[in-house]
Amino acid sequence: MTLPQTVEEHLTDEAMQADVLPLRRHVLDLDDYTPEELQATLSSAQGMAEVLGRDIKKVPALRGKVIVTLFYEASTRTRVSFEEAGKVLSADVINMSSSGSSADKGESLLNTGLTLQAMGVDTLVVRHPHSGAPNFLARNLDRVSVVNAGDGLHAHPTQALLDLYTVQSRLGRIEGLKVVIVGDVLHSRVARSAIWGFAKMGAQVVLSGPRTLMPLDFLKEDEQDDPAGLASRVEVDTDLDRAVEGAEVVMALRLQSERQSGGFLPSIREYIRRWQVNDARLAKAKPDVLVMHPGPMNEGIEISSGLAHGTRSAIEEQVTAGVAIRMAVLYQLNAGGSE
Amino acid sequence: MSESLHRPILIRRARLIDPGRQVDSVGDILLADGRISSCGPVIDVAPEGSVVIDGSGLVASPGFIDLHAHLREPGYEYKETIETGSQAAARGGFTTICCMPNTDPPIDSEAVVEFVLRRARDSGMVRVLPVGCVSRGRKGKELADLEELHNSGAVAFSDDGDPIQDANLMRMALAYSADLGLPVSNHCQDLHLSGEGVMAEGAVATRLGLPGIPPAAEDAMIARDIALAQSTGGRLHVAHISTAGSVPLVRRAKELGLRVTAEVCPHHLTITDEWAMGSQGTGLGRAEWAYDTSTKVYPPLRQRSDAETLVAALADGTIDCIATDHAPHDIASKQVTYQDAAFGISVLETALGSSLQPVHDSRISLATLVERLTAGPARVLGQHYATLATLATGTEADITLFDPDLKWTVDSAEFASKGKNTPLDGTRLRGRTIATISAGRIVYQSPQLIVQEADAAV
């Protein structure tokens, strides 16, 4: 029998980023990250990607740790990638969804959280339709780390991290890039977290889409006080052709079909005509512009099929990056902590 | 204290502020048999057996009147009862509170009005005046029996909690009640515009990803109601005004001589939507402290410019009075996600300390503020209630004694109200009730009250 090997023998220095990754209790959004911590996380993910490239994708870094994914909303890629990330790091991963659990019997979010904490869970990965649900759990649970896997319209920090990772891998940098986010910004947690991430790392963030799907405070022309610190990090240009001029990255957001019935749009047809991201639209962007989408895509609506599957698309790499990023995040929360 | 209930009370050397009579001077007040027997002149010898209170450094004013409180009884006694709400009122310096009819059953019949009045009498703290429903069952479909409600003791009509969406029903309510002389109060919120909103539309809502309520949801309905008041001659009282945009609408209505009044809540004068980000508005807090559900209230906490406009409108008289919209909730209703949390703040016991903040900031005078807590709301209730807001000799002795400068820390655990839901928990306020006298009886006294026996005081 071989002796248990230490974590260090399995993970590269890069993955551990021991000197750089700061202590962190929760990952709720990217608004409380410094640019240095963002970069350290991306570098750590790069080391994690190396593990994922091995024949035997398993390291004992989080052996003995218990991770629960608690999803109150449907998800494929986020949930599976968190599960895979935890398992590659040898954590025990338990999946819970609201249907079939006590939540179905009316158990409150708080009591569900307290119950899981009492069972000794180390990390709770939460997706919830209400903005701030992970913050609420983080506030009320004192022995569990909370990772936000998407909450309402608020944030999806690991998605933004994997977007940053993908852009840095493909283009070699983030600082100074022009990143255009197109579509339903108003209802997009992906957009909010991406704004924090890209802006903090020095990119220029431009938003484009219908005015009805843009937060009003982003549209105000006059320099006003910005108590929340988000509006001042973005520019808005509703004319997509102008917005993409010189862009290095264009990210299309998912357009929910209920936006039309909700009165936000005259018709999907008109949306396609004005804001679909397609080859013709990108004429004035940089020739090697990177095209991204958080998924799941409505091909032919917010993005053309040709572009989604073409050479300029980074959409598949985004998915691959998701596992490495979530490994880095779970590792930071669980393996750090030597105070 | 019980033996002192029927004894005369002499308050010495207090700053007497009686806005209805333009009194603002230091003097004594003597209360006997539940009435004010002398106000102003120094009384050298306290009557035998009287309780003598040292009023130096304190303000003595008519008891505060709150036009807008939710006492939750009948139906929601786990949130508040008429008794606990009355105790909270007394601690806050209120001697008269108007209770809103969104109870279960709602206050839409003589039987429920009488129930409320009986419970208030039994608790024996402060005067409770019921507000009757505008519509039967508060369903917004057909008028309640407004005259029956009036005759049994209702002082105003409101479907508060739910806005009257149907413009024609609002028109009928204003027209029908015009000869009863009672104001119709509307919770102005266009539900199509407010939608799923849970906080004020703006930069903070955008950052937190919470659905916003545009200010137009309030402004548009106030504009509608003013037009209806104009065409019917009815008395409109605009509940809890919260937007900068609504102020010129009310001001214009008053210039036109319409019978329109308005109230504002202490929280809309003093705190903003930034408090929802945590750390009580002192800048961005730790992420865990964001989504503080105690900041969830309707109308929502708005932006600084709104609060500033409202303070100015309160000072210039466009807004007639301060009302608390005291909305106590049980803990479970607030210990949920922001979107699931109930709307409302427990206000009665912090109202004075909050409302004094613009006084300390020199944006409104102390005498004016007292007017907005006493004679202002009495004016909204009508001539019949003018005696509730005066220190005039011979009137019933409803008096609030407060220290405008006493600094204290809010601790909701000490509230008499069952509702501990306040964003002010742990904050410092300046100004606090020292004693509340209702119908000549001390119904609340703080530890700071200095009471001397008559003999020792000579």
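What percentage of the 458 residues in chain B is buried? Buried residues account for 58% of them, a residue being buried if 20 or more other C-beta atoms, placed from the backbone, lie within 10 Å of its own. This is a predicted model, in which local features need pLDDT of at least 70 and side-chain atom pairs count only at pLDDT 80 or more, while totals for chains, interfaces and linings use all residues. Residues are numbered from 1 along each chain as its sequence is written, and chains are lettered from A and ligands numbered from 1 in the order in which they are written.

Chain B has a radius of gyration, taken over C-alpha atoms, of 21 Å, which agrees with the value near 23 Å for a compact globule of 458 residues; the globule rule is 2.2 Å times the number of residues to the power 0.38. Its secondary structure comprises 15 helices and 19 strands, counted as DSSP runs (H or I, at least four residues, for helices; E, at least two, for strands) and numbered from the N terminus.

Now to the meeting of the two chains. Here 29 residues of chain A are in contact with 22 residues of chain B, contact meaning C-beta atoms, placed from the backbone, within 7 Å. On the side of chain A that touches chain B, α5(A) gives the largest share, five residues.

Within chain B, Ile29(B) offers a friendly place to look around. Leaving aside neighbours within four places in sequence, Ile29(B) is in contact with residues including Ile11(B), Leu16(B), Ala60(B) and Leu391(B).

Conventions: Buried ≥ 20, exposed ≤ 12 C-beta atoms within 10 Å, placed from the backbone. Contact = placed C-beta atoms within 7 Å.
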